[in-house]
Amino acid sequence: METEGARTDRLGLLLTQFDQAREMAQVRLTGLGDEEYLWEPVAGCWSVRPRGQARTPRAYGPGEWVLDKGAPDIPANEYAEVARQAAGGMTVSRIADDWSVSVERVEQVLAHTGAPEPDETPVTTIAWRLGHLHSCLAGQWEWTFGAREEPKLLVDFTPSAGLALERFWALIDRWRESVAALTDEQLDTVGLSQYPYGSDPDDPFVSVLAGANLEFIHHMAEIAVLRDLHRARFTGPR
């Protein structure tokens with residue numbers, strides 16, 4: 001369905017939203033250099049690092065550089081997400097697999113056992129945000145349209161901003177092309193995506209697609225803020 005050239009069907013609206021977000025993101029990422037890409041605004045940041053220098057116990061990647069990932073626990077600020085997953089029909093065992101924790105830990109969170117620990121969500125670099133987003137979308141493409149290879153081996157992380165962006169936009173093109181060819185029946189299919197790190201197998205793909213758009217938008221907004229902070233880091237009050 002089109003109104004004055006604008007699509008108003010479900011897929012058309014989601015593709016338009018994605019295209020607009022991509023256009024804004026490409027403008028905001030113009031000129032990104034290696035130093036800014038790897039800039040750590042505070043101590044203890046998560047980033048991409050040489051394999052032997054990873055600061056986190058679950059850092060992953062297939063090559064010489066890996067993406068930081070922390071200890072296997074559910075941070076306090078994600079308790080509401082765990083409750084949403086359970087309310088949406090995910091089993092406790094699948095939630096445990098999603099967060100790489102025990103079934104008992106998930107049950108504790110769902111029962112609100114004890115007071116939540118203080119939020120220790122790390123500050124992340126532009127390299128980490130871009131790598132995380134690349135990894136998620138690569139995994140979702142692979143487990144929807146591809147051969148379902150191990151998600152953590154799909155992205156070769158790099159310290160080069162230019163190379164990371166080149167690879168990322170190539171993935172975005174592939175994702176967009178595959179999504180644009182979906183039928184209404186496929187949009188409504190529960191489990192069309194079997195991506196194992198999330199609720200994709202339990203959701204109709206139209207919900208997965210809306211969630212992927214949100215993931216793209218919010219991570220690109222965070223990268224834009226980091227770019228603003230990097231530019232203003234030596235500028236004092238006037």
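**A friendly walk through the model**

Colleague: Let's start with T56: does it count as buried or exposed?

Modeller: The relative accessibility of T56 is 11%. This is a predicted model, and in it the residue sits in the loop between β3 (48–50) and β4 (65–67). The cut-off for buried is under 20% relative accessible area, so T56 counts as buried.

Colleague: Which side chain does the side chain of T56 reach with a polar contact?

Modeller: Leaving aside neighbours within four places in sequence, T56 is in contact with W46, D68, K69 and G70. The polar contact between side chains has a distance of 2.7 Å, and the partner of T56 is D68.

Colleague: Let's move to helix α3, residues 79–87: which of its residues are buried?

Modeller: One of them is Q85, which is buried because its relative accessible area is 3%. The buried residues of α3 cover an arc of only 120° around the axis, so they are on the same side of the helix. The face turned away from them carries the exposed residues A80 and A87. The full buried set is Y79, V82 and Q85.

Colleague: And what does Q85 touch, not counting residues up to four places away in sequence?

Modeller: Q85 lies in helix α3. What covers the buried residues of that helix includes α4 (92–99) and α5 (103–110). For Q85 itself, the residues touched are M90, I95, D98 and W99.

Colleague: Which residue with a positive phi follows α3?

Modeller: Most residues other than glycine have a negative phi. Here the residue in question is a glycine, with phi near 110°, and it is G89.

Colleague: Which residues are buried in α5?

Modeller: They cover an arc of only 100° around the axis, which means that they are on the same side of α5. What covers them includes α3 and α4. The buried residues are R105, V106 and V109.

Colleague: What value does the phi of H112 take, just after α5?

Modeller: Most residues other than glycine have a negative phi. H112 takes a positive one, of about 55°.

Colleague: How do the axes of α6 and α7 meet, and at what angle do they cross?

Modeller: Helix α6 spans residues 126–145, and helix α7 spans residues 161–180. Their crossing is left-handed. The axes come within 10 Å, and the crossing angle is roughly 35°.

Colleague: How many nonpolar, polar and charged residues does the contact of α6 with α7 have?

Modeller: From α6, the contact includes L130, L133, W141 and F145. The α7 side includes L165, F168, I172 and W175, with R167 and R174 also among its residues. By class, the contact has 13 nonpolar, 3 polar and 2 charged residues.

Colleague: What is the phi of R148?

Modeller: R148 is found in the loop between α6 and α7. R148 counts as partly exposed because its relative accessibility is 42%. Its phi is positive in a residue other than glycine, with a value near 60°.

Colleague: Is A147 buried or exposed?

Modeller: A147 is also found in the loop between α6 and α7. Its C-alpha atom and that of F234, 87 residues apart along the chain, are separated by 48 Å. The cut-off for exposed is over 50%, and A147 has a relative accessible area of 61%, so it is exposed.

Colleague: What distance separates the C-alpha atoms of L163 and A232?

Modeller: L163 has its place in helix α7, where it counts as partly exposed at 29% relative accessibility. L163 and A232 are 69 residues apart along the chain, and their C-alpha atoms are separated by 25 Å.

Colleague: Which residues does S199 touch, not counting those up to four places away in sequence?

Modeller: S199 is in the loop between α8 (184–187) and α9 (205–231). With a relative accessible area of 11%, S199 is buried. The residues it touches are R84 and M90.

Colleague: Which side chain is joined to that of S199 by a polar contact?

Modeller: For a sense of place, S199 and A210 are 11 residues apart in sequence and 13 Å apart in space, C-alpha to C-alpha. The polar contact of S199 is 2.7 Å, and the side chain at its other end belongs to D203.

Conventions. Residues numbered from 1 in each chain as written. Predicted model: local features only at pLDDT ≥ 70, side-chain atom pairs only at ≥ 80, totals over all residues. Heavy atoms only, no water. Buried < 20%, exposed > 50% of the residue type's maximum accessible area, 1.4 Å probe, protein only. Helix = DSSP H or I, 4+ residues; strand = E, 2+ residues; numbered from the N terminus. Arc of directions from axis to C-beta. Contact = heavy atoms within 4.5 Å. Axes fitted to C-alpha atoms, helices over the stretch in contact; angles between N-to-C directions. Left-handed = near helix turned anticlockwise from the far one by under 90°. Nonpolar A, V, L, I, M, F, W, Y, C, P; charged D, E, K, R; others polar. Polar contact = N/O pair within 3.5 Å; in protein donor to acceptor, adjacent residues only side chain to side chain.
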